[in-house]
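Please look through the structure below with its aromatic side chains and its nonpolar interior in mind. The paragraphs after it explain how these parts are arranged.

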Amino acid sequence: MSAAPADGRRLPYRRCVGVALFNAQGKVFVGRRKSGAGDAEKLVHRWQMPQGGIDRHEDPLTAARRELEEETGVRSAELLAEAPEWFTYDFPPEILARARGGKFSGQTQLWFAFRFTGEDAEIDLAPPGHKPEFDEWRWADLAETPALIVPFKRSVYRQVVETFGRFAA
């Protein structure tokens with residue numbers, strides 16, 4: 001269901017991808033989102049997996065590889081699986097008006113699991129030509145990721161855990 005702005009119109013969901021990047025030990029990459037003004041809720045729940053929008057005329061797998069490289073610098077990754085369905089969440093009312101200019105009620109994401117085949121030194125949170133989204137990163141247990149993310153995205157992260165749990169440590 002889409003959220004409705006004050007004038008009663010239904011807003012669409014923004015199409016995005018998410019990436020669960022597993023290392024050889026079955027841990028998943030999480031980055032700590034840089035905080036900005038007014039991000040009090042995020043101070044506690046700032047950790048997330050790479051994710052981002054799908055460009056116009058871009059297929060989701062290409063978008064997932066692009067977002068992974070833009071946010072982590074990682075190119076050494078092989079595809080393990082694609083989620084069988086899109087996972088959707090709504091922006092809470094306090095975020096709806098400012099998130100993406102108030103054009104979307106939330107996001108619908110197609111998630112991909114990749115195996116990281118490089119060395120940790122390859123990970124670069126500020127790759128050339130891209131504004132950093134994370135200020136720190138670590139390998140985490142997939143099962144702990146729902147507790148690390150902002151509450152309104154937890155249901156999606158629970159679905160990611162269920163979908164890709166077979167790749168986890």
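What follows moves from the aromatic pairs to the nonpolar core and then to two residues beside them.

This is a predicted model, in which local features need pLDDT of at least 70 and side-chain atom pairs count only at pLDDT 80 or more, whereas totals for chains, interfaces and linings use all residues. Residues are numbered from 1 along each chain as its sequence is written, and side-chain values use heavy atoms, with hydrogens and water left out.

The structure holds 11 aromatic pairs, where rings of Phe, Tyr and Trp (its six-membered ring) pair if their centres lie within 6.5 Å, and where planes under 30 degrees apart count as stacked, over 60 as edge-to-face and the rest as tilted. One of these pairs is formed by Phe29 and Trp137, which are stacked at 5.6 Å centre to centre with 15 degrees between the planes. This pair links distant parts of the chain, since Phe29 lies in strand β2 (residues 28-33) and Trp137 in strand β8 (residues 134-140), 108 residues apart; strands here are DSSP runs (E, at least two residues), numbered from the N terminus. Phe29 counts as buried because its relative accessibility is 0%, while Trp137 is partly exposed at a relative accessible area of 24%; buried means under 20% relative accessible area, exposed over 50%, and partly exposed in between (1.4 Å probe, protein chains only).

Phe29 also pairs with Trp139, and because the ring centres are 6.2 Å apart with the planes at 85 degrees, this pair is edge-to-face. Here too strands β2 and β8 are linked, with Phe29 and Trp139 110 residues apart, and both residues are buried. Phe29, Trp137 and Trp139 belong to one aromatic cluster together with Phe116 and Phe134.

In soluble globular proteins, nonpolar side chains tend to be buried together. The largest nonpolar core (buried Ala, Val, Leu, Ile, Met, Phe, Trp, Tyr and Cys residues joined through side-chain atoms within 4.5 Å) has 45 residues, and those with the most contacts inside it are Leu21, Phe22, Met49, Trp111, Val160 and Phe164. Strand β7 (residues 106-116) contributes the largest share of this core, six residues.

Contact means heavy atoms within 4.5 Å. Beyond its neighbours within four places in sequence, Met49 is in contact with residues including Phe29, Trp111, Phe134 and Val160. Gln48, found in strand β3 (residues 47-48), counts as buried because its relative accessible area is 2%; with the same neighbours within four places left aside, its contacts include Phe29, Phe134 and Tyr157.

Definitions and conventions: Helix = DSSP H or I, 4+ residues; strand = E, 2+ residues; numbered from the N terminus.
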